[in-house]
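Take a walk through this protein, from one buried spot to the next. Keep the sequence and the 3D view side by side.

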Amino acid sequence: MEAALVERKYGIFGGGFGASHVIDQPGEALLFAAALILSQAVAVGIFFLVMRALHGRRIGTPLFLFNFVFFAIAGGIALLTLKYEVLSYFSDAIGFQLIRNLGGGSLFDALLFVMDEAALLGLAAVWTAVAYWVGLRLVRRYAPASVAPAPLRWKHLLWPALALPFVAFAANRDADTRYALTRFNAYAIADTALAGLTDFDGDGYSWFGARIDRHPFDPARHPLALDVPNNGVDEDGYGGDFRFDGVAPGPPIPTLPEGRKHLVLIVLESVRGDALGKEVAGRPVTPTLNALAREGSVARQAYSHVGFTTASLKSLFSGALDPAAGGPSLFRDLKANGYRIGVYSGQPESFGDISAVVGMKENADIFVDAETLKDERAFGFAAKGSLLVDGRKLLREFDRAFGAPAAWARPNFLYLNFQEAHFPYHHPDMPALLPGDPIPRGEIGVENREWVEATYWNAVAYGDWLVGQVAERLKRQGVWEDTLLVVTADHGESLFDDAFLGHGHVINRQQTHIPLVLSAPEVPVEGPVGLADYRALILRALGGDVAGRASGGPVFQHIGGLDWPTAIGMVEGQGTWTTLMLETDELWFSDTGRRVRVADLAAGSPEALRSRRLTDLWARERWLAHLARR
């Protein structure tokens, strides 16, 4: 049962669309089978012996065998049901690490958004109790009075328990084998236990797992360690000692000039950078953004640092990849400069602690989000995509506070978040602006890729229409010329055009390239721009004297937390990516398509220099975050 579920979700045996790791070599298959059989044998054996000890003298009765079989099977099925039911709520390509990222680093926060599963689990528990009661009555009525106890003893587990570490160590060295094995509960538990037993210095790394601790008795040196600059020690094992010359911090809260403009910042959920200029059936998808781009300023190379809303919004408002709570942010900057602040968001801004970190709610004079309007959400069930509020309802709330000229007598900062393009790309209040009917959620799959794309682009078109409605209101109030309108997205979206659906899975153009359009002309936005550059860019456009990142430099990207990523990357001019999978040490160069392990790079080669730039960029961002937390 577990193998069938794993294969259906991850395609580890048959491969297929979106399968990144496949057991397709004889050596891999042998290691996989040996490690899985040993881990399952040890797990079942331990469970049997624990049950035997709990039953004491009753081990020769049918009750013991019934309890062992029932709880082994029922427990295994319950664990698998819980695991795959929760995972299926998000997508077929997502795992618990990605769910944790959705919650801003907190698995608990993310799982709160699937609490409707509690009803299913409660129902399953009731049926399990009924099944146990019925089975127990049948055993007592029809089973013989005694049975021969199995001869298994603790000593019988010695040989598989001794063999398992050696097999697991070898299996973990192959990325495909490790990926497949860790999808099975028994092996994952065994691997975690072995890792804990060999973590001699308590730094969280050991002889097991994807990354070997090559300094097992030095807690300061291990994979993903914070590389302390200029100390002559390579703590993380990448690129030698990190060299850091320091940065000149700008003023925490810059002073803006008199006569400063209003700021309206609109974030469009999951809108790709190629939405600008996109046409479907001869119709422009984003006519409003196209017009704004012609009349104002546009960044053709704007990127998110991650593929998740929580981290993206924190970076946008704070100017940092991993901001500390209470640090600088646009909300604190503009509140200190006398702005009236309004928040109108179609999502819960408490999700992943966005609001708390950037000071959103504490500085807002008016705060409306999906929690405020929870009775008007687009759907009734609990996944994040169903927590969205239709954009027209946000405009209704906007009109209540800013629908009269008097509301614009002082500078305003308005943040609007339109969730229309969030999966499943349609909700009951969404109009059809492009040809075709929306795809039902149950029909979403690679076999209906074109239908998925058509539904997505209609959602993007609706988001663009909402931007136009905001612009019309600003013009109607006579404040258009006195307003800086900024429109962007939190991340992109894969539409099965890169073997994925959604965002946050890989570092590439589809999932990280985003639009950035400003109503003001001649705003300098040349070269790659990351979300963490927005704070300085916007404050400068408002007349503030704020230092920013050097124009044209690479934008750092990562999957997972900044301190514990599974992959890192950088995008340079003309959309050239360099990425590094940290579990396998495999580099990818988008301009050549070449994949190579770090250890196989020729010293001093252009690829080796790009690899070093990438790891130095990562070390720099981590060190800046470390300094901010201190």
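Which residues does Leu542 touch, not counting residues up to four places away in sequence? The model in view is a predicted one. In it, Leu542 touches Leu256, Pro257, Arg260, Lys261, His262, Leu263, Leu334, Tyr339 and Leu484. Leu542 itself sits in the loop between helix 18 (534-541) and strand 15. Take His262 from that list of partners. Leu542 and His262 lie 280 residues apart along the chain, yet their C-alpha atoms are separated by 8.5 Å. Leu542 counts as buried because its relative accessible area is 5%, and the cut-off for buried is under 20%.

Now step back to the whole chain. The protein chain has 630 residues, and 53% of them count as buried. It holds 19 helices and 19 strands. Consider the contacts between residues at least 6 apart in sequence: 67% of these join residues at least 24 apart.

Next, the nonpolar interior. In soluble globular proteins, nonpolar side chains tend to be buried together. Here the largest nonpolar core has 93 residues. Within that core, Ile266, Phe317 and Phe413 touch the most other members. Helix 16 (residues 449-476) gives the largest share of this core, with 12 residues. A second core of 22 residues is separate, and includes Val6, Leu80, Tyr179 and Ala190.

Go back to Ile266. Leave aside its neighbours within four places in sequence. Ile266 is then in contact with Leu416 and Phe418. Val467 and Val470 are also among its contacts, and both fall within the range of helix 16, residues 449-476. Leu485, Val486, Val487 and Thr488 complete the set of contacts of Ile266.

The next stop is a polar residue. Asn172 is found in helix 7 (residues 158-172). Is Asn172 buried or exposed? Asn172 counts as buried, because its relative accessibility is 4% and the limit is under 20%. What does its side chain meet there? One polar contact, of 2.9 Å, joins it to the side chain of Tyr187. Another, of 3.4 Å, runs from the side chain of Asn172 to that of Arg178. Beyond four places in sequence, Asn172 touches these two residues and also Asp191, Phe208 and Gly209.

Finally, look for enclosed space. The structure holds 2 cavities of 30 Å³ or more. The largest has a volume of about 50 Å³. Its lining includes His305, Val306 and Gly307, along with Gly504, His505, Val506 and Ile507. Gln511, Thr512, Gln557, His558 and Ile559 line it too. Helix 17 (509-512) and strand 15 (555-560) each supply at least two of the lining residues. Strand 15 gives the largest share, 3 residues. By class, this lining has 4 nonpolar residues, 8 polar and no charged.

The second largest cavity holds about 40 Å³ of space. Its lining residues are Leu268, Glu269, Val271, Phe418, Glu420, Ala421, Ala459, Val460 and Gly463. Phe418 is a residue we have met, as a contact of Ile266. Helix 16 returns as well, with the largest share of this lining, 3 residues. The classes here are 6 nonpolar, 1 polar and 2 charged.

Conventions:
Residues are numbered from 1 along each chain as its sequence is written. This is a predicted model: local features need pLDDT of at least 70, side-chain atom pairs count only at pLDDT 80 or more; totals for chains, interfaces and linings use all residues. Side-chain values use heavy atoms; hydrogens and water are left out. A nonpolar core is a set of buried Ala, Val, Leu, Ile, Met, Phe, Trp, Tyr and Cys residues joined through side-chain atoms within 4.5 Å. Buried means under 20% relative accessible area, exposed over 50%, partly exposed in between (1.4 Å probe, protein chains only). Helices (H or I, at least four residues) and strands (E, at least two) are DSSP runs, numbered from the N terminus. Contact means heavy atoms within 4.5 Å. A polar contact is a pair of N or O atoms within 3.5 Å; within protein, one must be able to donate a hydrogen and the other to accept it, and residues adjacent in sequence count only if both atoms are side-chain atoms. On a 1 Å grid over the protein atoms alone, a cavity is a set of points where a 1.4 Å probe fits but cannot get out, and a pocket is an open set with protein on both sides within 12 Å along at least five of seven lines; lining residues have an atom within 4 Å of a point. Grid points are joined across faces, edges and corners, and a volume is the space filled by probe spheres set on the points. Ala, Val, Leu, Ile, Met, Phe, Trp, Tyr, Cys and Pro count as nonpolar, Asp, Glu, Lys and Arg as charged, and the others, Gly among them, as polar.
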